[in-house]
Amino acid sequence: MRKPVIAGNWKMYKTVGESVQTALALKPLVANANHCEVIIAPVFTALKTVVDRLDGSNIKVAGQNCSTEVEEGAHTGEIAPFMLRDVGAAYVIIGHSERRQHYSETDTMVRRKVQAAISSGLTAIMCVGESLGQRDQGTAEAVVKGQLTGGLSGLTASDLDRIIVAYEPVWAIGTGRTATPEQAQEMHAFIRRVFAEGHSRDAAQALRILYGGSVKPDNVGALMAQEDIDGALVGGASLKADSFAQIVNYRES
Ligand code: PGA
């Protein structure tokens, strides 16, 4: 049984005060959510305060990015994964399409970040997904396969339980246009097959694959009912405690 993961990606939103306010509002609303792991990813500057204020709750905290470097050093503006551990984060989102598109992250950088994160004791939530043009050209699977193999090569069997994959079609992010549950399921099943080829069948069966892209309270149930969808990475609808809590407390439909 794969335990579902519902993760909120707060992107570059909220001050420390606003982050704490949202986190504290969320806490009682998801206190009984034992059916899934609940994760929020505030901006770096709010991480420590949010972790401290959530002490004793079932909400875990993620960074939204990390350095490719494992050790501290002369890397102005970067944050090493062990520094995320140091403030109490347990997860880190890596290779989000906004970072690939706007900050030129390549599969090689994504792979180095994934490896740095895992060796520092974090669980990496690695994002993959095709653009609309790529889907229209019929290359969606090839693109996603390239991102998967490029980002996840060189991992040992013991690393694999520290990997979560998020399938986020770029055309569905922040657009209000969700992939249909069938479209998402098809790609998730493909991702699991690619993972099995690259690693093992058992590892692929255990892999959690999240869907991301305009997940909302009213579509999460149908997505979660799909066999290979093991959770959601939520942007816009995670910024408000009540809508994110409704997503966490989904019922399959
Ligand atoms: P969205 O963002 O839910 O606002 O589409 C998802 C994401 O970028 O992770």
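**A tour of helix 5 and the ligand site**

Begin by selecting residues 107-119, which form helix 5. In this predicted model, helix 5 has 13 residues and reaches 18 Å from its first C-alpha to its last, close to the 18 Å expected at 1.5 Å a residue.

Next, display the side chains of helix 5 and colour the buried ones: Val110, Lys113, Val114, Ala116, Ala117 and Ile118. An α-helix has 3.6 residues a turn, so residues three or four places apart point the same way.

What covers these buried residues? Show the surrounding elements, which include three helices to select, namely helix 3 (81-86), helix 4 (97-102) and helix 7 (140-152). The cover also includes strand 4 (91-94), strand 5 (123-128) and strand 6 (163-167).

Then step just past the end of helix 5 to glycine 121, where phi is positive, at about 90°.

Now move to the ligand and select the 13 residues around it; Lys11, His96, Glu168, Gly174 and Ser214 come nearest. By class, this shell comprises four nonpolar, seven polar and two charged residues.

Three distances to ligand oxygen atoms may be drawn in turn. From the side chain of lysine 11, an N or O atom is 2.7 Å from an oxygen atom of the ligand. At glycine 174, select the backbone: one of its N or O atoms lies 2.6 Å from a ligand oxygen. Glycine 236 likewise offers a backbone N or O atom, 2.8 Å from an oxygen atom of the ligand. Finally, turn on the protein surface around the ligand: taken alone the ligand exposes 280 Å², and the protein buries 97% of that.

How values were computed:
Residues are numbered from 1 along each chain as its sequence is written. This is a predicted model: local features need pLDDT of at least 70, side-chain atom pairs count only at pLDDT 80 or more; totals for chains, interfaces and linings use all residues. Side-chain values use heavy atoms; hydrogens and water are left out. A residue is near a molecule or strand if one of its heavy atoms lies within 4 Å of it. A polar contact is a pair of N or O atoms within 3.5 Å; within protein, one must be able to donate a hydrogen and the other to accept it, and residues adjacent in sequence count only if both atoms are side-chain atoms. Accessible areas come from the Shrake-Rupley method with a 1.4 Å probe; for residues, only the protein chains shown count as cover. Ala, Val, Leu, Ile, Met, Phe, Trp, Tyr, Cys and Pro count as nonpolar, Asp, Glu, Lys and Arg as charged, and the others, Gly among them, as polar. Helices (H or I, at least four residues) and strands (E, at least two) are DSSP runs, numbered from the N terminus. The expected span of a helix is 1.5 Å times one less than its number of residues. Buried means under 20% relative accessible area, exposed over 50%, partly exposed in between (1.4 Å probe, protein chains only). Contact means heavy atoms within 4.5 Å.
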